[in-house]
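Here is a quick walk through a two-chain model, written for someone who would rather look at residues than read statistics. Keep the viewer open as you go.

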Amino acid sequence: MTKALKFLIPSLLVAGLVVSPKDAQATRDTEALKENKFQAFKENKFKAFKEDKFKDIKRSRAPERIAPSAGFGDDGGFWTGQSKQVPELSSSAAGASLALLAGGLLAISGRRRRKADSR
Amino acid sequence: VTPAVPQRRRQWRPWLAVGSLLLVEYLLISLRFDAYSLRSYGGAWGALGYVGAFAPAGVVIAASLWLFRRQAVSPVASGELGALPALAPVPEAFRPRWSLLAIHALLVAGFFALTGHIFGGGPAAGSAALWFILWSALGAFCAFTLTVAFVDLSEVRRWAWSGVHLLALAVGAIAWLAGNWTVEFWIPLSRATLGVVAALLRPFFADVVSDPAALSLALGGFKVTIAPQCSGFEGMGLITVLTVAFIAVRRRGLRFPRALLLLPVAIIAAWVGNALRIAGLMVVGATLDPELAYEAFHSKAGWVAFCAIALSIAAVAERHSFFRRAPSAELEVELETENPSAAYLLPCLLLLGSALVTGMFAREIDWFYPLRVVGPLLALYLLRKNYADLLRNAAPARPVLALAVGAAVGIAWYLTDPLDPEVDRAVGHALASSPAGFGVWLGFRVVGAVLVVPICEELAFRGFLLRWLVNRDFTAVSFRTATPWAVLISSAAFALVHERWLAGALAGAAYALVQVRTGRLSDAIVAHAGSNALIAIWAIASGEWSHWV
């Protein structure tokens with residue numbers, strides 16, 4: 001068991017690294033290599049748009065509720081444009097989160113010692 | 001104080017230094033140059049445009065080699081995982097070979113120039129293959145000189161000739177290929193995430209519309225498309241790394257094999273957490289403000305969920321007897337023990353945590369700022385008995401020096417900070433529309449900046465981290481003691497919690513030097529408070545709120 005763990009733990013770490021966020025260029029390049037896959041994905045979206053599956057909703061949802069600045073298409077309609085591309089991660093929040101995580105782990109796993117007054 | 005660090009732990013440091021520097025160099029080059037533009041050219045030059053796709057392979061294989069190095073350089077005869085020698089001799093602290101580092105710096109400069117020549121514009125004169133071979137060779141030589149600058153050549157040779165590095169190479173390569181293969185699951189996983197989010201919302205809202213084919217979800221007039229990277233895969237990968245690293249580091253206190261259960265629990269929690277994040281995004285966007293949902297909630301809720309899950313997993317593993325090995329007799333009586341790290345860290349952790357949570361609902365002005373003051377103040381009050389030693393020497397030893405350093409930092413900070421007219425306009429509008437409400441908010445903001453933040457951050461970064469980096473029993477380390485390494489790392493950590501990283505690091509180093517010079521934490525607090533007070537007064541007087549809000 002312990003011998004297996006010696007190899008399992010580094011292997012799991014490496015495997016986890018692979019699916020973790022990568023830098024933008026590497027991610028984009030990987031995606032480009034998978035271009036066919038994403039092309040199919042885009043086509044599916046386009047098909048759904050063409051079929052206008054949501055035409056009932058399109059009528060009932062007032063387009064004026066959807067601000068053009070929110071990025072819902074050029075004509076302000078529903079399902080007629082790409083969704084707004086929004087930042088996935090905030091860099092300042094990333095730094096604070098890393099500090100919070102590291103500090104939290106240190107606090108949780110901090111060394112316990114006898115209290116001075118109980119020695 | 002003599003650091004009592006076991007030898008094996010010391011062996012990490014040179015390799016860690018090599019890995020960290022290589023990562024920084026890789027990021028600098030990756031951020032500066034973009035091979036993507038070469039794709040528009042045909043033939044071999046066009047193929048070079050895809051070189052970035054293989055960069056993760058390099059990172060993953062390097063990580064794999066590093067993680068497996070222990071089996072190569074220090075084979076463990078004992079069958080027990082991670083058996084540490086109880087009384088290992090303390091080796092000398094590692095010192096880089098400066099001449100090799102200088103050569104490495106020159107080579108990196110050359111590599112940087114060569115990268116620019118090959119990838120910085122269109123095709124260069126000559127054969128693309130030859131340029132690529134030259135570039136790869138120079139890159140490998142850069143990595144080699146950095147490695148031997150920190151690690152003994154004999155250790156590198158032993159590592160290179162062992163069979164383990166072949167295994168590590170194979171694991172790294174397979175993991176990279178497997179990782180790319182997981183892209184296949186992005187869309188199915190996004191679809192599953194969409195289903196869970198819709199199921200979470202439907203009991204509360206009647207007008208939830210989901211389109212699995214287009215991966216779109218609408219609530220009221222608010223619509224989102226679940227992008228592949230929002231499927232939850234990245235969070236699952238991150239939590240895997242963190243949980244496995246946690247299990248590896250804390251292995252001696254955990255019960256195996258049941259501790260491995262933490263891994264699937266963490267992965268499932270990360271995926272569910274991502275679904276909850278998207279559900280929250282929908283609610284905020286549909287009921288409060290779409291822009292708030294896009295700009296604040298979307299980019300911060302993921303971090304909040306990730307921190308909550310990771311810390312919960314760690315807390316359960318450390319505290320629950322199902323995972324934790326029976327404590328030693330010394331630790332059985334909880335009332336008689338204390339955890340000094342927690343007392344130094346908790347106020348700052350509450351400060352950071354509350355800022356992350358309130359930041360999810362803040363655009364230009366964080367109207368929930370009072371929560372960022374009340375929480376840490378409460379923690380300081382509840383933990384007050386733990387600061388008895390500090391309070392005995394609470395008066396600053398050299399307040400004039402501390403204030404002078406604080407003022408210098410404050411002036412430099414203010415002058416180098418660019419203005420943000422949008423924030424200035426938003427604050428001006430808030431001031432005009434509700435002077436009383438803004439006055440209350442401003443009161444909390446001043447108390448937070450001048451009192452709460454300096455105390456909490458100095459307790460954590462100088463009181464704890466600076467001394468903990470010198471010795472794990474940090475309470476035994478004098479406030480006058482610090483190593484260059486400790487100042488560097490604690491300042492870098494301090495920089496992480498500030499948006500302006502370089503300025504934050506320099507400010508942190510200045511406060512650390514004040515503490516070391518005066519021998520008191522209170523002087524560092526006074527310096528920090530002085531900086532923040534100066535910035536606050538300057539911003540209020542000039543109306544340039546964006547320097548401070």
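Where in chain B does B:Leu215 lie? Look in the loop between β1 (208-211) and β2 (216-219) of chain B, and you'll find B:Leu215 there. Bear in mind that this is a predicted model. B:Leu215 has a positive phi of about 55°, even though the residue is not a glycine. With a relative accessible area of 0%, B:Leu215 is buried.

Another backbone feature to click on is the peptide bond between B:Phe256 and B:Pro257, which is cis, with omega at about 5°. B:Pro257 sits in the loop between α9 (233-249) and α10 of chain B.

**Helix pairs in chain B**

That loop leads us to α10(B), and to the way this helix packs on α11(B). Here are three helix pairs side by side.

| Helix pair | Angle | Axis separation |
|---|---|---|
| α10(B) (residues 262-287) and α11(B) (residues 290-319) | about 155° | 9 Å apart |
| α19(B) (residues 484-496) and α20(B) (residues 501-518) | roughly 135° | within 7 Å |
| α20(B) and α21(B) (residues 521-542) | about 145° | 7 Å apart |

Start with the pair in the top row. At an angle of about 155°, α10(B) and α11(B) are roughly antiparallel to each other. The crossing of α10(B) past α11(B) is right-handed. Residues making the contact include B:Leu262, B:Val265, B:Ala266 and B:Gly273 on the α10(B) side, with B:Phe297, B:His298, B:Ala301 and B:Ile309 among those on the α11(B) side. Sorted by class, this contact of α10(B) with α11(B) has 16 nonpolar, five polar and one charged residues.

Next comes α19(B) against α20(B), where the axes cross at roughly 135°. That angle makes α19(B) oblique to α20(B). Here too the handedness is right: α19(B) passes α20(B) in a right-handed crossing. From α19(B), the contact uses B:Val487, B:Ser491, B:Phe494, B:Ala495 and B:Leu496. Facing them from α20(B) are, among others, B:Trp501, B:Gly504, B:Ala505 and B:Tyr511. Which classes do the residues in the contact of α19(B) with α20(B) divide into? The split is ten nonpolar, three polar and no charged.

Stay on α20(B) and move along to α21(B), since these two helices also pack, at an angle of about 145°. α20(B) passes α21(B) in a right-handed crossing. On the α20(B) side the contact is made by B:Tyr511, B:Val514, B:Gln515 and B:Thr518. On the α21(B) side look for B:Leu521, B:Asp523, B:Ala524, B:Ala527, B:His528 and B:Ser531. By class, the contact of α20(B) with α21(B) has five nonpolar, four polar and one charged residues. B:Tyr511 is worth a second look, as this residue is listed in the contact with α19(B) and again in the contact with α21(B).

**Single residues to look up**

Back on α19(B), pick out B:Ala486, which is placed in that helix. Is B:Ala486 buried or exposed? At 0% relative accessibility, B:Ala486 counts as buried. Leaving out residues up to four places away in sequence, B:Ala486 touches B:Leu466, B:Leu469 and B:Val470. B:Pro264 is another story: 222 residues away along the chain, with a C-alpha separation of 36 Å from B:Ala486.

B:Thr115 belongs to helix α4 (residues 98-119) of chain B. At 2% relative accessibility, B:Thr115 is counted as buried. What does B:Thr115 touch, not counting residues up to four places away in sequence? The list is B:Ile29, B:Phe33, B:Gly120 and B:Trp135.

B:Ser20 is in helix α1 (residues 7-32) of chain B. At 39% relative accessibility, B:Ser20 counts as partly exposed. Measure from its C-alpha to that of B:Pro396 in your viewer and the model gives 37 Å, for two residues 376 apart in sequence.

**A word on chain A**

Chain A comes to five helices and one strand. Reading from the N terminus, the elements run α-α-α-α-α-β. Of the 119 residues in chain A, 39% are buried. The accessible surface of chain A is about 6,900 Å², and 55% of that belongs to carbon and sulfur atoms.

Definitions and conventions
Residues numbered from 1 in each chain as written. Chains lettered and ligands numbered in written order. Predicted model: local features only at pLDDT ≥ 70, side-chain atom pairs only at ≥ 80, totals over all residues. Heavy atoms only, no water. Axes fitted to C-alpha atoms, helices over the stretch in contact; angles between N-to-C directions. Helix = DSSP H or I, 4+ residues; strand = E, 2+ residues; numbered from the N terminus. Parallel < 35°, antiparallel > 145°, perpendicular 65-115°, else oblique. Left-handed = near helix turned anticlockwise from the far one by under 90°. Contact = heavy atoms within 4.5 Å. Nonpolar A, V, L, I, M, F, W, Y, C, P; charged D, E, K, R; others polar. Buried < 20%, exposed > 50% of the residue type's maximum accessible area, 1.4 Å probe, protein only. Areas by Shrake-Rupley, 256 points an atom, 1.4 Å probe, with all protein chains shown as cover.
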